[in-house]
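Visitor: I'd like to learn how to read a structure like the one coming up. Could you walk me through it, feature by feature?

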Amino acid sequence: MSNTDLKTLASKVEELLEAYQSLEKENQLLRAERTHWHSERKRLIQQNELARQKVEAMIERLKKMESE
């Protein structure tokens, strides 16, 4: 291999390493975002369940008042 070929190869390897590092960083950010959205989803599901329980309790109270 000539010196020019080696420099070209080294340049390509450097580009690949930079691309890898960039993708690795992006992947870490996406994983952190995914974790955040999973937590947010869980919180919203719990909040929705609590609201459902409160509505059901109100309906039951209204039925009891209606039958009195």
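Guide: Let's start with a term: the radius of gyration is taken here over C-alpha atoms, and the globule rule is 2.2 Å times the number of residues to the power 0.38. Keep in mind that this is a predicted model.

Visitor: Okay, what radius of gyration does the chain have, and what would a compact globule of 68 residues have?

Guide: The chain comes out at 29 Å, while a compact globule of 68 residues would be near 11 Å. The principal axes fit that picture: the C-alpha trace spans about 100 × 10 × 10 Å along them.

Visitor: How many helices and strands does the chain have?

Guide: There is 1 helix and there are 0 strands. That helix, α1, covers residues 3-67.

Visitor: Can I see the stretched layout in a pair of residues? How far apart are Ser11 and Lys42 in sequence and in space?

Guide: Ser11 and Lys42 are 31 residues apart in sequence, and their C-alpha atoms are 47 Å apart in space. Ser11 sits in helix α1 and is partly exposed at 36% relative accessibility.

Visitor: Now burial. What share of the 68 residues is buried?

Guide: The cut-off matters here: buried means under 20% relative accessible area. By that rule, buried residues make up 0% of the 68 in the chain. As for total surface, the chain exposes about 6800 Å², with carbon and sulfur atoms supplying 58% of it.

Visitor: Which residues make a nonpolar surface patch?

Guide: Met1, Leu6, Leu9, Val13 and Leu17 make one of about 500 Å². Take Leu9 as a sample: its place is in helix α1, and it counts as partly exposed because its relative accessible area is 43%, between the 20% and 50% cut-offs.

Visitor: On to charges. What's the general idea behind a salt bridge?

Guide: Side chains of opposite charge can pair when their charged atoms come close. In this structure, a search of the whole model finds 3 salt bridges.

Visitor: Which residue does Glu40 pair with, and how far apart are the closest N and O atoms?

Guide: Glu40 bridges to Arg43, with the closest N and O atoms 2.8 Å apart. The two are 3 residues apart in helix α1, so about one helical turn separates them. Both partners are partly exposed: Glu40 has a relative accessible area of 23%, and Arg43 is at 41%.

Visitor: Which residues are linked in a network of salt bridges?

Guide: Glu49, Arg52 and Glu56 are. Arg52 takes part in both contacts: the closest N and O atoms are 2.3 Å apart in its bridge with Glu49, and the N to O distance is 2.5 Å in its bridge with Glu56.

Visitor: How many residues apart are the partners in each contact?

Guide: Arg52 and Glu49 are 3 residues apart in helix α1, about one turn of the helix. For Glu56 and Arg52 the spacing is 4 residues, again in helix α1 and again about one turn.

Visitor: Are these three residues buried, partly exposed or exposed, and what are the values?

Guide: Partly exposed, in each case: Glu49 has a relative accessible area of 31%, Arg52 is at 37%, and Glu56 is at 40%.

Visitor: Last one: how far apart are the mean positions of the positive and negative charges of the chain?

Guide: They are 6 Å apart, taken over 13 positive and 13 negative charges. Set that beside the trace, which spans about 100 × 10 × 10 Å along its principal axes.

How values were computed:
Residues numbered from 1 in each chain as written. Predicted model: local features only at pLDDT ≥ 70, side-chain atom pairs only at ≥ 80, totals over all residues. Heavy atoms only, no water. Patch = residues over 30% accessible without salt bridge, like charges linked within 9 Å, V, L, I, M, F, W, Y side chains within 5 Å. Areas by Shrake-Rupley, 256 points an atom, 1.4 Å probe, with all protein chains shown as cover. Salt bridge = Lys/Arg side-chain N within 4 Å of Asp/Glu carboxyl O. Buried < 20%, exposed > 50% of the residue type's maximum accessible area, 1.4 Å probe, protein only. Lys, Arg positive; Asp, Glu negative; His and termini not counted. Charge placed at Lys NZ, Arg CZ, Asp CG, Glu CD.
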